[in-house]
Amino acid sequence: MNYNLGDLINYKCNINIIYLWLMDLNEFRSRYSQVAAKGRYLPYALMSDVMAQFSELSVHDEGLSVNGQVIRSYTLGSGPVNILMWSQMHGNETTSSKALLDLILFVTNVKDSLILDQLKIVIIPMLNPDGADDYTRANANGVDLNRDALDQTQPESQLLLKVFERMRPEYCFNLHDQRPIFGAGSNGQPTALSFLAPSGDVDKSWNKNRTEARAILGSVAKTLSSGFSEKLARFDDAFNLNCFGDFFQSRGAATMLFEAGQDSSDYSRDQIRLQYCYALYVALERISCSSPHEDDANFYSKMPKNVECFCDILVKNAVTTSGQRVSLGLTYQEQLIDHKIVLKPFISHISPSSALFGHRVIFEPIYWKDTFPLLKVGSPVEYLEVNSNKLLLNLTIF
Ligand SMILES: [Zn+2]
């Protein structure tokens with residue numbers, strides 16, 4: 001992988017980081033990627049099958065989802081430092097879970113003693129199995145679990161808090177995907193990965209654990225490749241105690257949010273998945289073997305903010321029936337159809353006043369005539385006519 005060797009050496013990092021650094025992305029994928037879990041749909045049964053392969057992990061049934069599915073935790077390592085990781089609390093956010101599976105495969109395969117002997121990582125890879133099956137953000141009661149940390153109205157939220165109280169982790173990893181609408185700043189770079197050391201109080205103060213989370217995330221961002229680092233951003237740190245990251249930060253655990261974003265046409269998010277896995281690995285390595293540097297905290301603080309400035313397809317020159325030229329932003333809606341995710345575009349922007357970028361840009365004039373009578377925000381668009389050819393826009397992710 002293409003990482004900055006100077007930074008790696010400065011971090012006195014372990015041999016596996018160098019090993020990863022030297023490895024080609026495709027080689028990593030062929031050796032360590034959990035290929036059974038691919039595409040965007042990752043239902044409960046598939047997750048259970050993949051996790052069953054890791055016979056060396058101890059398994060604990062933590063409780064039941066709304067629909068009665070068993071939510072399990074898996075413990076990796078036996079060290080003195082307690083870490084809690086959870087993924088897919090939003091059922092339709094699967095890149096984080098796939099990266100987590102790759103991470104477990106890598107750490108167990110190379111028998112990474114630094115991590116296995118220093119850390120005890122309790123992993124809940126799928127906190128919201130009902131949402132995962134239905135490919136929804138919310139759980140089966142329609143509740144966003146990441147707005148239920150304080151209220152504790154849902155069995156999945158109660159379960160996560162119960163595990164937290166039982167193990168009292170020093171570190172928490174809150175793993176998500178974000179929508180493709182974000183850029184890393186406003187200069188036209190998409191956000192491939194975003195990070196956050198969430199606030200633990202309304203003043204957003206930098207207490208000990210939040211400061212440590214910031215430094216770890218800064219070191220992660222710094223270690224990623226120079227070409228990739230332009231696509232890293234800081235997630236919004238508005239305080240909301242009903243979000244689990246903020247809640248656990250307020251309870252004294254150094255809590256970190258990782259979000260997989262969208263980068264150009266990689267809609268299966270396979271490339272991001274590998275970078276995400278590497279980011280998780282670097283964070284664990286930093287916790288296990290070194291104390292964070294002030295430089296790393298600065299690096300975090302200097303990362304651009306996650307800004308809403310992207311659509312999926314930007315049509316630069318649409319010509320309306322009255323001859324007016326407008327620019328159009330089309331954004332995909334995701335639908336689960338026959339166990340596949342189908343992306344269907346709709347109009348999200350018409351001549352936006354602020355800068356809008358597209359993961360795909362169409363410069364040719366598009367004549368918005370009889371076939372597209374509804375030129376308004378929210379209208380679906382199945383195809384465009386480009387130079388008299390029909391350009392189909394729907395995408396299916398296998
Ligand atoms: Zn999420």
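This passage walks through the domains, the sheet and the helix packing of a predicted model.

The chain splits into two pieces in the domain assignment: domain 1 covers 5–308 and domain 2 covers 310–397. Their C-alpha centres sit 33 Å apart. Where the two touch, domain 1 puts in 17 residues and domain 2 puts in 16. On the domain 1 side, the touching residues break down into seven nonpolar, nine polar and one charged.

Next comes the sheet. It is an open one with eight strands and mixed pairing, and its strands are ordered β1-β2-β4-β3-β5-β9-β7-β8. The edges are β1 (58–64) and β8 (232–234), each with pairing on one side only. On average, and ignoring direction, neighbouring strands are turned by 20° against each other. At the β8 end, β7 (residues 193–196) runs parallel to β8 and is joined to it by three bridges; here Phe195 stands opposite Arg234 of β8.

Two helices can be placed against these strands. Helix α9 (residues 208–223) packs on the sheet by touching β7, β8 and β9 (254–260), and its direction is about 35° from that of β9. Helix α12 lies across β3, β4, β5, β7 and β9, running at about 165° to β9.

Helix α12 (residues 270–289) also meets helix α5 (residues 95–109): their axes come within 8 Å and cross at roughly 55°. That angle is why α5 counts as oblique to α12. The crossing is right-handed. Among the residues making the contact are Leu100, Leu103 and Phe106 of α5, along with Ile272, Tyr276 and Leu280 of α12. Sorted by class, this contact holds nine nonpolar, two polar and three charged residues.

Conventions: Residues numbered from 1 in each chain as written. Predicted model: local features only at pLDDT ≥ 70, side-chain atom pairs only at ≥ 80, totals over all residues. Axes fitted to C-alpha atoms, helices over the stretch in contact; angles between N-to-C directions. Helix = DSSP H or I, 4+ residues; strand = E, 2+ residues; numbered from the N terminus. Parallel < 35°, antiparallel > 145°, perpendicular 65-115°, else oblique. Left-handed = near helix turned anticlockwise from the far one by under 90°. Contact = placed C-beta atoms within 7 Å. Nonpolar A, V, L, I, M, F, W, Y, C, P; charged D, E, K, R; others polar. Domains from an automatic or database assignment. Pairing = 2+ DSSP bridges.
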